[in-house]
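Here are some short exercises to work through with the model open beside you. Try each task on your own, then compare your steps with the solution.

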Amino acid sequence: SLYRVPSINEGTSIFGIIGNPVLHSMSPGIHNPIFAEKGLDAVYIPFCVDSLEEFFSVADRLNIKGVSVTIPHKQAVIPFLDSCADVVSAVGACNTVVRRGSSWWGTNTDVYGFWSPLEDVLSVSTLASGRRATVIGAGGAARSVVYALVKNGFDVLILNRTVEKAASLAADFSCEYAALDESSCALISSYRSVIVQTTSLGMGNNCVNPLAFYDLQGDEICYDIVYIPKMTPFLSFAEKKGCRIITGDLMLKAQAIEQSRLFCELV
Ligand code: ATR
């Protein structure tokens, strides 16, 4: 979408995204139009950052009021915070940093962003196996997903190629875990109300469906948090089987709207 870049002066509040890479980030295209719509004197800029130390020393001298945090800094940014929301400690990742007075406060809107579109679907769906969900993957993204599900009363099964990583995530949140292969099919069918794909296998040009070995019944809610491409092989397969699907762009939008609410309060 097109938006007019405002004239920037000393009173303009500066926000941005820090990470590497950031040049193809969709976030400026989400945040700048919101600022413009609200008539706020604020701008959102992509900052390609390798050293968080350097960034925060510059941020203190500029009028930077808040940033989105992306790969590879979501964990590493935590020691730079003066305080944070409980969710940051529980998930071990921070994707939003805002200035509060002279200090930096962090939170994680990925958790809300993941839950919000799912909550919408749950309000109009019957659950195939009760509040029971399977999460594919055990990396950083899976951690936010498992946290949101458990907090909202789900029993969760975690599947991962490297079983040790599934076991370790499962131990942190009192979940069940298993290998990401045919040996887990019976277990999956008892945790199939919601199935969430969080691995990078579904991402980019060479993506594949990591659950290809499992025969979906059609009564599952299938959610892929990958947003490029929007229709991942996992979701195409699920849709063909008649499942309700949730695409990753909905999570991206929901987390950005929540983040924008925090940013706009500071302008
Ligand atoms: P993120 O923060 O995006 O979750 P991550 O922490 O690197 O990234 O986690 C990547 C996830 O994708 C892991 O669950 C990883 O499985 P392993 O723990 O076995 O590495 C999963 N993944 C990546 N490539 C995969 C592949 N080729 N097959 C199966 N799982 C894969």
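**Exercise 1.** With its count of C-beta neighbours inside 10 Å, is R61 buried or exposed?

*Solution.* Keep in mind that this is a predicted model.
- Step 1: Find R61 in helix α2, which covers residues 52-61.
- Step 2: Count the C-beta neighbours of R61 inside 10 Å; there are 7.
- Step 3: Apply the cut-off, by which a residue with 12 or fewer such atoms is exposed. R61 is therefore exposed.
- Step 4: For a sense of distance, go 50 residues along the chain to V111, whose C-alpha atom is 31 Å from that of R61.

**Exercise 2.** Into which domains is the protein chain divided, and how many residues does each give to the contact?

*Solution.*
- Step 1: Split the chain into domain 1 (13-107) and domain 2 (111-251).
- Step 2: Take the C-alpha centres of the two domains, which are 28 Å apart.
- Step 3: List the residues in the contact: six come from domain 1 and five from domain 2. On the domain 1 side, four are nonpolar, one is polar and one is charged.
- Step 4: Compare with the record. UniProt, in an unreviewed entry, gives residues 17-97 as "domain: Shikimate dehydrogenase substrate binding N-terminal". This span is 33% helix and 25% strand, and its end C-alpha atoms lie 10 Å apart.

**Exercise 3.** Which residues touch the most other members of the largest nonpolar core, and why does this core lie between the domains?

*Solution.*
- Step 1: Start from a general tendency: in soluble globular proteins, nonpolar side chains are apt to be buried together.
- Step 2: Look through the 71 residues of the largest nonpolar core; V145, V146 and I158 touch the most other members. Helix α5 (residues 140-151) supplies the largest share of this core, with seven residues.
- Step 3: Ask where the members come from. Both domain 1 (13-107) and domain 2 (111-251) contribute, so the core lies between them.
- Step 4: Zoom in on I158. Setting aside residues up to four places away in sequence, its contacts include V135, A142, V146, L169 and Y177.

**Exercise 4.** Where does K74 lie, and is K74 buried or exposed?

*Solution.*
- Step 1: Check the record: an unreviewed UniProt entry places the feature "active site" at K74.
- Step 2: Locate K74 in the loop between β3 (64-69) and β4 (83-84).
- Step 3: Count the other C-beta atoms within 10 Å of K74; there are 22, so K74 is buried.
- Step 4: Beyond its neighbours within four places in sequence, K74 contacts V69, A93, C94, N95 and G140.
- Step 5: Follow G140 to the ligand. G140 is among the residues that come nearest, together with G139, R161, T162 and T199. The shell holds five nonpolar, eight polar and two charged residues, and its largest share, three residues, comes from α5.

**Exercise 5.** Which peptide bonds ending in P21 and P229 are cis, and what is the phi of S174?

*Solution.*
- Step 1: The bond between N20 and P21 is cis, with omega about 5°. P21 sits in the loop between β1 (13-19) and α1 (27-37).
- Step 2: The bond from I228 to P229 is also cis, with omega near 0°. P229 sits in the loop between β11 (221-224) and α8 (233-240).
- Step 3: Phi of S174, which is not a glycine, is positive, near 50°. S174 belongs to the loop between α6 (163-173) and β9 (176-179).
- Step 4: S174 has 9 other C-beta atoms within 10 Å, so S174 is exposed.

Methods:
Residues numbered from 1 in each chain as written. Predicted model: local features only at pLDDT ≥ 70, side-chain atom pairs only at ≥ 80, totals over all residues. Core = buried A, V, L, I, M, F, W, Y, C linked by C-beta atoms within 7 Å. Buried ≥ 20, exposed ≤ 12 C-beta atoms within 10 Å, placed from the backbone. Helix = DSSP H or I, 4+ residues; strand = E, 2+ residues; numbered from the N terminus. Domains from an automatic or database assignment. Contact = placed C-beta atoms within 7 Å. Near = placed C-beta within 6 Å. Nonpolar A, V, L, I, M, F, W, Y, C, P; charged D, E, K, R; others polar. UniProt positions renumbered as here; feature names shortened; annotations may be inferred.
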